[in-house]
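Please find below some comments on the model, set out as numbered points. They follow the coordinates and the confidence scores.

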Amino acid sequence: MNILTRILRTPLGIAAVVMLTLVVATAIFAPILWGEEAAAVDTDNMLAGPSLEHPIGTDQLGRDLLLRVLVATRLSVTLAVLATLVAVSAGLILGVAPLLLGRHIGRGVTWLVGVAVAFPGLLLALSFAVIFGSGWLGAVLAIGLAGAPSFARLCQTLIAGVASRDFVAAARIGGVGRFRVLTRHVLPNIGEPLIVNATIGAGGALLAFAGLSFIGLGVQPPDYDWGRLMMEGLLGIYVNPLAALAPGMAVVIAGLSFNLVGEAAARSLGIQVGGFTSKVRKAASKPVTAPAAVVAADAADNDDVVLDVRDLRVSFPGPAGDVRPVRGVSFSVRRGEAVGIVGESGSGKSVTALSIAQLVESPGVVEAKALSFLGEDLVHGDTARHRKLLGTSLAMVFQDPMTSFNPTKRMGAQLAEVATEHQGLSRKEALARAIDRLDAVRITDPAQRAKQYPHEFSGGMRQRAMIGMGLMGAPALIIADEPTTALDVTVQQQVLDLLEAIRERDDVALLLISHDVSVVAEVCDRVLVMYAGRIVEDLPAADLATAAKHPYTRALLAAVPDMDTHLHLPLATIAGRPVDPAQLPEGCAYAARCPLADARCRAVDPHLATDEDGDRVACWRAGEPMPLGMPQVRTGVETNETEGVLV
Amino acid sequence: MSELRFDDVTVRFGAGRTATTAVDGVSLTIPDGEVVGLVGESGSGKSTLARAAVGLAPITSGRILLDGAPIAPRRGYRPLQMVFQDPYSSLDPRMSIGDSIAEIIPRGLSRAARRDEVARLLELVHLDPTHARAYPGHLSGGMRQRVALARALAGRPEVLVADEITSALDVSIQGSVLNLVRELQAELGLSMLFISHNLAVVRYVASRVAVMYRGRIVEEGPTLQILEDPQHEYTRNLLAAIPGRAKTPTLI
Amino acid sequence: MTTAAALPAEDTRTARENRWLRFTLRRSGRLLASLWVLVTAAFLMMHLVPGDPVRAAMGPTAPAAVVEARRESLGLNDPIWQQYLDYLQGLFTGDLGTSIGSQLPVAETIAQRLPATAALAVLAFLVAVIIAIPTGIAIAVATRRGRGRRLELGFTSSSVFISTIPDFLLGVFLVWVFGVSLGWLPVAGRGGPESYILPVIALAVGPAAILARIVRVEMLGVLETDFVRTARAKRLPLWRIYLSHALPNAVTASLTLAGLMLSSLVVGTVLVESVFAWPGLGSTIVSSIQLKDYPLVQGTVLVYGVGVLVVNTIVDLVLATLDPRTTVAEH
């Protein structure tokens with residue numbers, strides 16, 4: 001019933017269900033209401049054309065065709081459903097067999113199904129029809145068995161998907177028998193997709209039946225279904241075309257209703273393709289003169305500011321209103337400086353990086369009071385010029401090296417593209433430069449490697465190639481979004497060393513995003529701690545261990561075990577869960593988890609205040625000592641008894 | 001709880017030229033009541049070794065012995081249980097967590113006794129027993145890992161295998177799960193094989209550690225000793241690669 | 001956490017040739033195995049028919065002696081394994097048996113009728129692909145990210161509607177509109193180029209609609225991948241991102257399903273030929289089933305099966321050329 005209510009929420013779903021209900025109702029009631037009339041022979045009126053009395057005409061025995069079409073619904077639909085049941089049952093058995101019958105027989109079955117699946121259903125149906133003979137039973141078996149291989153393949157895929165999940169392994173390890181695993185774990189989890197496909201399959205079976213009957217193999221007289229009616233009608237097509245087309249339309253309507261119900265169900269169960277495009281807009285509230293003032297002030301401030309971000313906000317439309325993963329982030333990065341953004345999931349750090357790089361697409365909306373790169377205002381200004389600037393002076397490194405390269409293009413070509421597009425180099429020159437860059441990122445044998453495809457590179461090599469791609473121009477800033485999260489720790493070290501070397505050699509600034517505080521502490525000069533879409537602290541990396549002021553920063557540092565963690569004490573934890581970006585509280589977003597929170601914290605959101613050292617922190621109680629029993633900043637003062645807080 | 005011993009275990013996949021040796025002649029002992037950490041990077045074979053122990057991967061040669069005897073899994077009871085890495089895949093989304101746990105409880109208990117046992121286990125992992133009727137979709141990652149722990153313990157195992165159980169959790173949650181592991185170990189005297197790529201975590205939890213590289217154990221011994229005075233070059237590389245080791249001064 | 005091992009940067013040309021060789025061998029092996037299954041299934045088909053096939057074909061009134069003689073001449077009294085071996089041997093020499101009805105060699109009949117069907121199938125295939133791929137891509141680009149909602153709705157509904165119309169029904173409809181009512185195009189038999197138009201449309205439209213949908217979905221999927229994001233990060237012009245990065249991946253992603261689509265198109269000739277009285281294998285198989293002329297049925301089923309396998313193999317080869325990962329993938 002769950003599926004049904006979900007389907008009925010969309011207009012498509014409603015239309016489909018209504019159609020199907022009509023079809024089923026006709027199937028049930030038409031023979032009752034009009035069965036006799038449809039069989040009434042009228043020798044005076046044979047092969048008549050459409051008229052008021054007979055809207056579609058009559059057949060060669062004078063029987064009313066419209067009624068015959070309506071009455072035929074029952075047989076057509078019933079047989080299609082029967083055939084589908086045969087197909088699904090056979091498919092289930094074949095699909096489940098490998099699980100129950102052991103490895104070797106299972107593999108044989110899988111292979112056989114694989115061969116059978118290559119052959120179109122109609123061919124199989126014809127072959128089976130030869131064996132089973134004509135008539136409705138033979139046709140049901142023929143079409144049913146013809147559909148079995150694709151259902152078997154579907155079952156196999158679904159089952160493999162479920163069986164690979166850990167809870168199935170856990171059940172097996174727990175001593176649960178194979179059969180019970182199948183019935184309690186596997187089947188319930190494949191039920192929904194199977195039913196949806198069966199519904200669409202019923203539509204296909206209907207069409208297949210029509211086809212078989214059309215060539216005389218299916219239903220035999222005196223029974224008649226739509227296919228048979230079409231065949232009879234085809235003979236008189238020059239005289240009364242409706243005789244053939246009307247049953248055909250019935251086939252289409254019924255088939256459509258099955259297909260649409262299946263599709264609607266699939267949509268309501270499936271995933272939606274989320275969109276994201278980028279439109280950097282100015283914040284609406286600014287008065288006209290202020291923008292000039294803001295930008296000018298910054299320009300006068302620091303000539304070597306590479307990136308300047310003021311009040312960056314990003315929002316996405318969500319099911320219950322807008323979701324704001326970034327709520328007013330401001331910071332700047334100087335030439336050669338390494339700034340780290342640290343935070344957990346939901347903090348908005350990745351979205352910040354993507355929106356700065358202009359890679360957030362609609363329906364996401366990016367707004368900022370100012371966003372400038374190398375003095376170039378990215379909010380307004382010429383997009384063509386931006387393209388070239390961003391393409392050569394900004395380098396991006398993404399998180400997942402396995403999916404960040406085009407699998408169908410050679411590596412050298414993917415690097416060379418940057419140069420041919422933005423630097424006006426010829427193909428050959430660009431490729432030579434690409435090889436040179438691959439060498440610069442310490443990839444051995446770069447000339448050979450450039451001819452390889454991404455899947456021939458290891459994860460660490462791909463990240464280095466990614467960095468190399470960014471070095472095709474002369475980048476002033478590298479934005480690295482969790483560049484080493486997916487890598488082994490030794491490989492991570494190589495990549496971080498490489499970034500360090502590049503920074504030193506070419507005075508390149510770095511914006512490093514990571515959830516790993518130790519990585520950020522090692523690599524960066526300054527650290528921005530983000531929580532719930534805001535920067536909550538901005539301090540030098542060297543001060544992290546000793547002078548963090550925001551309770552979240554301190555808790556984060558205390559919660560991460562490192563090589564010097566006290567072994568005799570429970571690990572510090574942070575109570576509660578990371579905040580849900582869709583449900584932000586009124587006051588400080590961290591208040592619910594903060595041991596220092598008071599009434600003011602919960603009511604009023606603290607702003608990011610700059611102190612005399614130039615550091616920033618957003619907390620009403622910044623720097624205050626934690627209550628006894630809470631993780632302290634490690635200044636060498638350890639309390640004897642520290643209670644870890646359990647989640 | 002008992003002693004688990006890997007005796008020259010080799011696990012090979014495939015055949016002929018395309019065969020890969022995931023575990024190559026590994027001998028390792030998990031003493032009774034101790035937590036042994038197994039560290040290594042991807043491709044080291046540590047997960048395969050764990051899966052071989054619980055019967056999810058076939059052993060090509062060698063033996064795995066529990067208290068000196070080969071493991072004989074009976075219907076309904078297996079002496080080794082495992083907790084997996086991905087909290088979102090380790091629980092059946094269509095079963096309440098109480099049912100997931102109850103499924104593993106050995107046969108022979110009445111319905112009521114089973115319910116009580118489920119409640120007891122949930123409390124053991126510091127979860128509210130009324131959560132027994134909740135579905136995994138309503139729980140956070142950290143809570144799911146606790147349920148997974150409770151489920152593993154429901155089987156009254158002799159040895160527990162934990163495969164990267166905190167790697168997929170947020171930093172602020174990891175601590176609570178690790179604290180729980182320590183607590184359970186202290187209370188129940190668990191023998192445990194604790195797999196992780198994170199040396200700091202292993203240091204916190206395990207009394208002995210083994211380092212795996214390319215299917216072989218390259219170094220093994222008491223945790224603090226190995227971490228302070230690594231003998232094998234790979235161990236030294238691993239330690240040096242930890243961010244913050246080489247450059248920033250130690251925090252304290 | 002994965003760090004895939006790098007494949008060595010050895011001498012890439014020989015490495016690549018080796019991989020291709022191994023891939024071709026593997027694929028040929030699969031083809032041969034599938035062929036064997038097809039051939040055996042075709043053989044079994046005839047022998048699973050209940051009752052006496054010769055009697056069924058010759059009718060209840062034929063004298064028993066004649067029926068027996070025909071049985072003997074078709075080798076139906078030999079033990080089954082003997083028949084199987086004879087059958088296989090026959091295949092190698094091009095002997096597909098003799099039609100019970102016409103007494104002519106099956107191979108001859110097939111050779112006569114095959115070109116008509118092949119012409120129809122190939123043309124319909126080309127038309128379907130030429131319509132579907134650009135349409136799918138264009139609609140994908142136009143309906144990305146929630147744009148063009150109405151276009152998406154219109155496209156999807158028409159595609160679903162069109163694909164629900166069976167090819168033979170469309171054929172009947174076209175016969176009525178263009179043949180009967182308007183009289184613009186011929187509707188029966190194979191003649192000059194204009195006689196191809198209606199049958200090809202009837203055959204191609206359904207698969208084209210489904211293929212366009214598949215291409216659209218795959219294209220949308222590709223446009224959301226990380227590597228397209230990387231291409232955008234490189235600030236490449238849109239046309240380059242679509243054509244050079246997205247398109248090859250969308251095509252390879254759609255190819256497997258497209259292959260299934262196209263093989264069903266081949267088989268669609270069976271019904272469409274009936275509608276247009278096309279002198280091809282489709283009409284042959286239909287009439288031979290109706291007349292219970294089993295050797296002929298067997299032969300035509302075999303030929304159709306081979307056609308399907310050929311389409312699949314071609315699709316796999318094209319896929320391997322476009323996507324270098326498939327040559328490495330183990331099965």
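1. In this predicted model, the centres of domain 1 and domain 3 of chain A, taken over C-alpha atoms, are separated by 61 Å. The domain assignment places domain 1 at 2-280, domain 2 at 303-524 and domain 3 at 543-642 of chain A.

2. Overall scores are ipTM 0.88 and pTM 0.83. Chain B has a mean pLDDT of 88, with 95% of its residues at 70 or more. For chain C the average is 85, and 95% of the residues score at least 70.

3. Residues 247-252 of chain B need a caveat, as pLDDT stays under 50 there. The model nevertheless gives this stretch 10 contacts beyond four places in sequence. Where pLDDT is low, the predicted coordinates should not be read in detail. Within chain C, the element with the lowest mean pLDDT (70) is helix 13 (residues 325-328), while helix 9 (residues 226-233) of chain C has the highest (93).

4. How many residues does each chain bring to the contact between chain A and chain C? Chain A supplies 75 residues and chain C supplies 66 residues. On the side of chain A, the elements that give two or more residues include helix 5 (121-132), helix 8 (178-214), helix 10 (242-269) and helix 17 (459-470). Helix 10 of chain A has the largest share of that side, 10 residues. Sorted by class, the side of chain A that touches chain C holds 43 nonpolar, 21 polar and 11 charged residues.

5. Chain C contains 13 helices and 0 strands. Its C-alpha atoms fill a box of roughly 85 × 60 × 35 Å along the principal axes. Of its 331 residues, 41% count as buried. If one takes contacts in chain C between residues at least 6 apart in sequence, 73% of them join residues at least 24 apart.

6. One helix pair in chain C can be described in detail. Helix 5 (residues 106-142) of chain C packs against helix 11 (residues 281-290) of chain C at an angle of about 130°, and their axes are 7 Å apart. An angle between 115 and 145 degrees falls outside the parallel, antiparallel and perpendicular ranges, so helix 5 and helix 11 of chain C are oblique to each other. Helix 5 of chain C contributes C:Thr109, C:Ile110, C:Arg113, C:Leu114 and C:Thr117 to the contact, and helix 11 of chain C contributes C:Leu281, C:Gly282 and C:Thr284. By class, this contact has 3 nonpolar, 4 polar and 1 charged residues.

7. Is helix 12 (residues 349-356) of chain A buried or exposed? In this helix 8 of the 8 residues are buried, so helix 12 of chain A is largely enclosed by the rest of the structure. Its buried residues include A:Lys349, A:Ser350 and A:Thr352 as well as A:Val351, A:Leu354 and A:Ile356. A:Gln358, which follows helix 12 of chain A, has a positive phi, near 60°.

8. B:Ala134 lies in the loop between helix 3 (111-124) and helix 4 (141-154) of chain B. It has 16 C-beta neighbours inside 10 Å and therefore counts as partly exposed. Beyond its neighbours within four places in sequence, B:Ala134 is in contact with B:Ser96, B:Ile97 and B:Leu139. B:Gly98 is 36 residues away from B:Ala134 in sequence, yet the two are 7.7 Å apart in space, C-alpha to C-alpha.

Conventions:
Residues numbered from 1 in each chain as written. Chains lettered and ligands numbered in written order. Predicted model: local features only at pLDDT ≥ 70, side-chain atom pairs only at ≥ 80, totals over all residues. Contact = placed C-beta atoms within 7 Å. Helix = DSSP H or I, 4+ residues; strand = E, 2+ residues; numbered from the N terminus. Nonpolar A, V, L, I, M, F, W, Y, C, P; charged D, E, K, R; others polar. Axes fitted to C-alpha atoms, helices over the stretch in contact; angles between N-to-C directions. Parallel < 35°, antiparallel > 145°, perpendicular 65-115°, else oblique. Domains from an automatic or database assignment. pLDDT = per-residue confidence, 0-100. Buried ≥ 20, exposed ≤ 12 C-beta atoms within 10 Å, placed from the backbone.
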